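Student: Could you take me on a close look at one part of this structure? I'd like a slow walk through it, with the terms explained as we go.

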Amino acid sequence: MNNLNLPVQSTQVDSFTNLNSLDHVKKMGREGDQQSLREVARQFEAMFVQQLLKTMRATEDVFAKGNYTQSSEMKFHRDLLDQQMSLSLTQGRGLGLAEALFAQMTEQYGKLLPPPTNAAGAQAPAGTSGQEPEPAPSAPVSNVNAADAKTDASASTEAKIRRFVDEVFHAARQTADALGVAVEGVIAQAALETGWGEHQLTDDKGAPSHNFFNIKADARWEGDSVAKRVLEYIDGVPITLLSNFRKYESAQAAFKDFTNFITHSPRYQEVKNSPSAKSYAQALQAAGYATDPAYAQKIANIANSPLLKNILAQKLL
């Protein structure tokens with residue numbers, strides 16, 4: 001535990017001869033690691049200190065002109081020492097410049113990166129339709145096998161979420177822009193309604209409905225529909241009811257209809273121009289979009305999951 005609130009140190013060896021240092025920081029950034037911003041700030045501070053030392057040495061050289069100890073070889077070794085010293089002086093709290101720069105970059109760019117990992121050092125996977133993650137296999141043969149199984153499950157979950165985001169991203173972004181809401185909120189809602197696309201409604205022949213928002217086929221709907229028994233909440237009590245839902249030709253058509261559904265329904269006017277995924281979800285629930293009492297919280301949890309934020313950051317950059 002870091003009781004002194006000191007900055008977390010890089011796992012890279014701090015040496016001016018380490019040419020892989022910047023590549024390490026770039027890799028952290030691509031992986032969505034919050035520490036990448038801190039590393040950039042710390043290295044900038046080191047460059048600033050190095051420039052200070054260089055200016056100081058230049059002044060010293062003016063007064064030391066003609067001194068036999070100020071040979072080219074001595075200056076070469078002195079410069080090497082100054083470069084290493086600039087890194088050493090910026091360890092820990094440093095001069096404070098790195099922390100100030102880190103705070104500014106976090107405010108500007110931090111929202112594009114996932115939040116820090118949990119105490120165990122692992123990111124929590126995004127939930128599927130608000131459900132708990134699948135339990136780990138019981139009685140593993142060995143710790144190595146258990147770790148491999150956990151890694152495989154995590155990779156499978158990430159691949160599933162990436163496939164879903166790739167499928168709906170452009171349509172979701174158009175919907176988000178049209179409604180003036182956060183794209184992660186729209187994607188999280190579609191993920192919740194369909195279990196990341198794996199449990200969307202199908203017709204009696206197994207054909208997908210492409211109904212990513214589970215909009216019901218009421219008297220206003222003139223297209224095809226599918227009938228399914230779904231879980232509804234009546235006065236907080238879960239009940240299975242048979243309902244008709246709209247069927248679309250494609251995901252693009254589904255998102256376009258959802259956009260029109262929200263735009264032209266008086267009851268959903270408060271949903272538009274919601275500043276965050278959480279407020280978007282709360283406005284949907286307040287307007288009665290779903291009967292699940294935890295509907296808004298489930299959308300917010302998915303929208304703010306580290307994995308989804310990381311994937312979207314890569315697409316939005």
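Tutor: Of the 317 residues in the protein chain, 36% count as buried, where buried means under 20% relative accessible area, exposed means over 50%, and partly exposed is in between (1.4 Å probe, protein chains only). This is a predicted model, so local features need pLDDT of at least 70 and side-chain atom pairs count only at pLDDT 80 or more, while totals for chains, interfaces and linings use all residues. Residues are numbered from 1 along each chain as its sequence is written, and side-chain values use heavy atoms, leaving out hydrogens and water.

The chain has 10 helices and 2 strands. These are DSSP runs, numbered from the N terminus: helices are H or I with at least four residues, strands are E with at least two. Along the sequence, the pattern reads α-α-α-α-α-α-β-β-α-α-α-α.

Let's zoom in on α8. Its residues Ala277, Ser279, Tyr280, Ala281, Ala283 and Leu284 are buried, and the buried residues of α8 pack against α6, α7 and α9. Right after α8 comes Gly288, with a positive phi near 85 degrees.

Take the α6 neighbour to begin with. The axes of α6 and α8 come within 8 Å and cross at roughly 50 degrees; axes are lines fitted to C-alpha atoms, for helices over the stretch in contact, and angles run from 0 to 180 degrees between N-to-C directions. That angle makes α6 oblique to α8, because under 35 degrees counts as roughly parallel, over 145 as roughly antiparallel, 65 to 115 as roughly perpendicular, and the rest as oblique. The crossing of α6 and α8 is right-handed, meaning the near helix is turned clockwise from the far one by less than a right angle (anticlockwise would be left-handed). On the α6 side, Glu184, Gly185, Val186 and Gln189 make the contact, and on the α8 side Ala277, Tyr280 and Leu284 do; contact means heavy atoms within 4.5 Å. That contact has 4 nonpolar, 2 polar and 1 charged residues. Here Ala, Val, Leu, Ile, Met, Phe, Trp, Tyr, Cys and Pro count as nonpolar, Asp, Glu, Lys and Arg as charged, and the others, Gly among them, as polar.

Now the α9 neighbour. The axes of α8 and α9 come within 8 Å and cross at roughly 160 degrees, so α8 is roughly antiparallel to α9. This crossing of α8 and α9 is right-handed. In α8, Ala277, Lys278, Ala281, Gln282, Leu284 and Gln285 meet Tyr295, Ala296, Ile299, Ala300 and Ala303 of α9. By class, the contact of α8 with α9 has 8 nonpolar, 2 polar and 1 charged residues.

To close the triangle, α6 and α9 have axes that come within 8 Å and cross at roughly 115 degrees. The crossing of α6 and α9 is right-handed too. Their contact divides into 7 nonpolar, 2 polar and 3 charged residues.

Finally, look at Tyr289. Leaving aside residues up to four places away in sequence, Tyr289 touches several residues, including Gln189, Glu193, Leu284 and Tyr295. Tyr289 is also one of the residues that touch the most other members of the 46-residue largest nonpolar core, a nonpolar core being a set of buried Ala, Val, Leu, Ile, Met, Phe, Trp, Tyr and Cys residues joined through side-chain atoms within 4.5 Å. Helices that each supply at least two residues of this core include α6, α8 and α9.
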